[in-house]
Amino acid sequence: MSKGTMLLLGAKSDIGRAVAHRFAAAGYDIQLAARNAAALEATKTDLALRHNIAVSVHDFNVLQTDTHAGFVDALPALPDIVVCAIGLMGDQIANEQDFDAATRVMRSTYEGPAHILGLLANRFDARGSGQIVGISSVAGNRGRAKNYVYGSAKAGFTAYLSGLRNRMAKRGIHVLTVLPGFVNTQMTAGMDLPEKLTAEPEEVATAVFNGLRKGRNIIYVRPIWFVIMTIIGSIPERIFKKMNI
Amino acid sequence: MTDLSGWGGFPKHPATLACPVTQADLARAIADGAVIARGNGRAYGDSAIGLRKTVQMHGLNHMISFDRQNGFLVAEAGVLLRDVITAFLPHGWFPPVTPGTKFVTLGGMIAADVHGKNHHKDGSFRNFVDWLDVMDASGVVHHCSRTQNAQLFEWSIGGMGLTGVILRAGIRLRPVPSAWIRQTSQALPNLDAVITAFEGADAATYSVAWIDCVSRGASLGRSILMLGEHATPDELSDDAARYPFEIPDKTKRTVPFAMPFSLLNSLSVRAFNGLYYWNGRRKAGVSFVDYDTYFYPLDAILGWNKIYGRRGFMQFQCVLPLETAREGLRALLKTTSLAGAGSFLAVLKRFGPQDSAFSFPMLGYTLALDFPATPGMIALMRKLDQITLDHQGRFYLAKDSRMAPDTLHASDPRTAQFKQMRQEFGATDAFQSKQSERLFL
């Protein structure tokens with residue numbers, strides 16, 4: 001018996017797929033959304049076979065914000081939960097020179113996700129129930145030379161989620177911000193990440209699931225990241241600007 | 001580059017990893033050759049460490065179809081056996097053959113052609129594999145079965161990933177009446193008694209014996225023999241019968257980190273073996289145990305392999321033909337116990353007939369022992385190798401981490417033919433593990 005429906009935006013990402021499995025295992029029906037939804041058929045069958053739940057796939061392009069309302073209208077049902085796992089890191093060096101590339105990172109990571117979640121928040125509000133999960137990043141906590149284009153977009157997204165939570169708190173709609181830290185995914189493949197600081201996608205999924213059940217507001221998937229980001233956040237700017245981290 | 005090892009933690013090799021999530025990724029990952037596919041890394045030694053690159057298969061883990069009428073499952077190679085059980089046991093289907101851990105991939109099970117406690121009755125996993133899709137060195141996928149590309153099919157099962165990359169498979173699950181096993185256990189005072197008991201227990205679906213390999217003299221080989229049948233709901237308690245496919249939640253224990261030294265020494269192993277035997281004797285008789293406790297007792301202690309400490313441990317597993325088994329097993333156990341090297345886990349199992357190209361099992365008895373990875377134990381295992389050779393036995397590659405090539409080639413005349421077939425499949429250079437290099441495969 002279905003526990004409800006979860007809409008996953010960004011169903012092709014490793015974190016997205018892990019989140020879908022976690023909720024499906026708990027008995028939720030799943031709506032998978034991503035570009036080229038046809039490529040999600042294998043994931044759909046896999047989810048349905050493993051967890052004995054209903055799964056649907058939907059074409060979704062986060063950059064085409066004018067299609068978002070139509071996308072939501074076309075869903076078989078307004079979901080109980082939406083999880084947004086969309087983001088584009090891009091290449092920082094390229095982003096510094098190619099402003100189209102930088103704009104694509106910013107729009108994919110901030111503008112698009114904020115647009116669709118804002119739209120869903122209004123629908124949830126009209127219905128009087130719903131839960132919203134935004135997977136943001138610790139990269140948004142402080143801009144660093146190494147990834148400030150992506151980081152600034154995540155900073156915007158984190159602030160957006162914070163404001164949306166503030167607005168919706170009185171309306172019975174919960175917003176959860178997830179700050180994963182390093183995650184072992186295709187996005188980070190080839191990077192030399194420290195093992196103790198790097199979560200598996202399944203850990204992120206479990207953190208999202210448990211965080212939502214406990215009504216948490218902001219979660220760091222591995223608690224050590226709260227400590228790290230507090231330290232990084234407290235370094236005076238005159239020192240920070242000369243650092244290479 | 002990271003250090004990679006098998007489940008035994010010995011040997012360790014620096015390794016380059018690839019983690020494909022699509023068939024195209026996989027083709028790219030193997031294009032430069034000298035690679036091996038790695039499932040969940042439960043082979044004990046260096047079977048799943050690539051010579052140049054190791055291709056992790058956990059990204060290719062989709063279930064593709066399942067027929068609830070006849071239990072036929074199609075799935076990608078990276079699917080874990082645990083997930084097969086979780087998905088289909090509630091509908092009354094169970095793996096037809098299972099190794100002692102559920103944390104293995106289907107691809108790994110096929111590549112090692114695993115056996116379970118029912119080998120004497122049902123044979124190895126091969127008997128339930130209807131077809132395979134195998135990717136060759138150039139990225140082309142070959143569908144193979146007993147009737148189509150039959151050579152590739154036969155040599156890939158038990159071929160340790162050395163014929164190509166197993167991509168997906170069609171396998172048959174078995175219908176079961178519940179998630180419970182009716183276990184009958186029996187304490188047997190010595191090796192002769194346990195072999196006689198095995199020979200009399202041919203009708204049992206599952207049978208396995210745990211051997212106290214510390215005891216000597218008249219009690220050499222004293223054992224607890226455990227027989228099992230799938231329990232029907234009417235045999236179970238009311239609660240269990242109402243939900244026959246549910247089992248109680250268990251607390252998982254975890255060994256948190258590799259001990260700087262081994263917790264196991266001759267004293268603790270002796271004490272454990274003694275306790276286990278007397279406890280088994282006390283509890284002899286019929287009991288009902290859930291499938292997880294019966295088939296996967298060690299899975300309840302996550303990371304149990306770490307109790308051997310950082311240097312790791314090795315497994316020795318051989319099979320001896322029926323004719324020489326009594327004498328050969330006695331020699332193996334005697335040598336082990338004289339070396340004061342009592343193994344922590346010693347398992348004896350009767351095999352039934354096996355007809356396949358390169359799989360490990362054959363009609364006879366298989367003995368599995370484990371030892372800490374020390375030079376002294378390697379020397380002991382060489383003696384055990386020789387005893388196995390003297391008794392026309394052979395060795396399980398999924399457990400091996402240190403055998404000499406001459407030993408393998410002398411034990412198994414099929415090895416030369418396997419090399420020949422690898423040549424024919426164009427797999428000799430393309431698919432190579434640290435083990436295949438060490439064993440001249």
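This is a short chat about a predicted model, its chain contact and the domains of chain B.

Colleague: What should I know about the model and its numbering?
Modeller: It is predicted: local features need pLDDT of at least 70, side-chain atom pairs count only at pLDDT 80 or more, and totals for chains, interfaces and linings use all residues. Residues are numbered from 1 along each chain as its sequence is written, and chains are lettered from A and ligands numbered from 1 in the order in which they are written.

Colleague: How many residues does each chain put into the contact?
Modeller: Chain B gives 8 residues and chain A gives 7. Contact means C-beta atoms, placed from the backbone, within 7 Å.

Colleague: Which elements of chain B supply at least two residues each?
Modeller: Strand S6 (63-67) and helix H2 (81-88). S6(B) has the largest share, 3 residues. Helices (H or I, at least four residues) and strands (E, at least two) are DSSP runs, numbered from the N terminus.

Colleague: And the residue classes on that side of chain B?
Modeller: 6 nonpolar, 1 polar and 1 charged. Nonpolar is Ala, Val, Leu, Ile, Met, Phe, Trp, Tyr, Cys and Pro; charged is Asp, Glu, Lys and Arg; the others, Gly among them, are polar.

Colleague: New topic. Where are the domains of chain B?
Modeller: Domain 1 spans 63-176 and domain 2 spans 180-406. The bounds come from an automatic or database domain assignment. Their centres, taken over C-alpha atoms, are 24 Å apart.

Colleague: How many residues of each are in contact?
Modeller: 26 of domain 1 of chain B, with 25 of domain 2. On the domain 1 side, helix H4 (119-122) and helix H5 (150-156) of chain B each supply at least two. H4(B) has the largest share, 3 residues.

Colleague: What classes are on that domain 1 side?
Modeller: 8 nonpolar, 12 polar and 6 charged residues.

Terms used: Contact = placed C-beta atoms within 7 Å.
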